[in-house]
Amino acid sequence: MAALILRIRPHLRVVTVLNVYIAAVIAAGTMVVIGSAAVGTASIGDSYAEFWILAGLVALGEFLPVKTSDGHGEITTSTIFTFALLLRFGTFPAVVAQAIASILADLATQKRSWKVAFNVSQYALALAASGAI
């Protein structure tokens, strides 16, 4: 049925469960980023050097992913340093550092815009859940 609709009207897209899931993650992640910015109480204080070193390592971890042995995937080491930011400075600085690093790295590798938004959103949701505990 869906194939028939696409042949008749190729401009229509079939909405799949995956599309709904991706849209839900992006919407929830966007709310987390906005919410953490609204209530974020970043207390960097006199620890500017410590914050910027960790934020730089987050970016470095995003820009230099480790390729998996089968060649079809990659693992970033940025989450280690993002978690350190979360523990030391709170949720908002960790979300912001990870979001900026993820966006820049994804744009540098020319990922599609929905993948960029999904990646940032899933990081924001995971950090918010970690920060709430």
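## Gln 110, out in the open

Gln 110 counts as exposed because its relative accessibility is 72%, where the cut-off for that label is over 50%. This comes from a predicted model. Gln 110 belongs to the loop that joins α5 and α6.

The backbone here deserves a look as well. Most residues other than glycine have a negative phi. Gln 110, which is not a glycine, has a positive phi near 55°.

## Ser 102, tucked away

Now for a contrasting case in helix α5, where Ser 102 is found. With a relative accessible area of 1%, Ser 102 is buried, since that label applies under 20%.

Which residues does Ser 102 touch, once those up to four places away in sequence are set aside? They are Glu 62, Asn 119, Val 120 and Tyr 123.

## Helix α4 and its two sides

Helix α4 covers residues 78-89, 12 residues in total. From first C-alpha to last, α4 reaches 16 Å, close to the 16 Å expected at 1.5 Å a residue. Its buried residues are Ser 78, Thr 82, Leu 85, Leu 86 and Phe 89. Why do they share a side of α4? Because the arc they cover around the axis is only 105°, they lie on the same side of the helix.

The buried residues of α4 have three packing partners: α3 (48-63), α5 (91-108) and α6 (113-132). On the other side of α4, two residues, Ile 80 and Leu 87, are exposed. Just after the helix comes Gly 90, with a positive phi near 105°.

## The largest pocket

If you are thinking about cavities and grids, here is the place to look: the largest pocket has a volume of about 220 Å³. Its lining is made of 15 residues, and the closest to the centre of the pocket are Glu 62, Glu 74, Thr 76, Asp 106 and Lys 111. Glu 62 has appeared already, as one of the residues that Ser 102 touches.

Which elements give two or more residues to this lining? They are α3, β2 (74-75), α5 and α6. By residue class, the lining divides into 5 nonpolar, 5 polar and 5 charged residues.

## Pulling it together

Helices α3, α5 and α6 come up twice in this account. The buried residues of α4 pack against them, and each gives two or more residues to the lining of the largest pocket. The loop between α5 and α6 holds Gln 110, while α5 itself holds the buried Ser 102.

Methods: Residues are numbered from 1 along each chain as its sequence is written. This is a predicted model: local features need pLDDT of at least 70, side-chain atom pairs count only at pLDDT 80 or more; totals for chains, interfaces and linings use all residues. Side-chain values use heavy atoms; hydrogens and water are left out. Helices (H or I, at least four residues) and strands (E, at least two) are DSSP runs, numbered from the N terminus. The expected span of a helix is 1.5 Å times one less than its number of residues. Buried means under 20% relative accessible area, exposed over 50%, partly exposed in between (1.4 Å probe, protein chains only). The arc is that of the directions from the helix axis to the C-beta atoms. Contact means heavy atoms within 4.5 Å. On a 1 Å grid over the protein atoms alone, a cavity is a set of points where a 1.4 Å probe fits but cannot get out, and a pocket is an open set with protein on both sides within 12 Å along at least five of seven lines; lining residues have an atom within 4 Å of a point. Grid points are joined across faces, edges and corners, and a volume is the space filled by probe spheres set on the points. Ala, Val, Leu, Ile, Met, Phe, Trp, Tyr, Cys and Pro count as nonpolar, Asp, Glu, Lys and Arg as charged, and the others, Gly among them, as polar.
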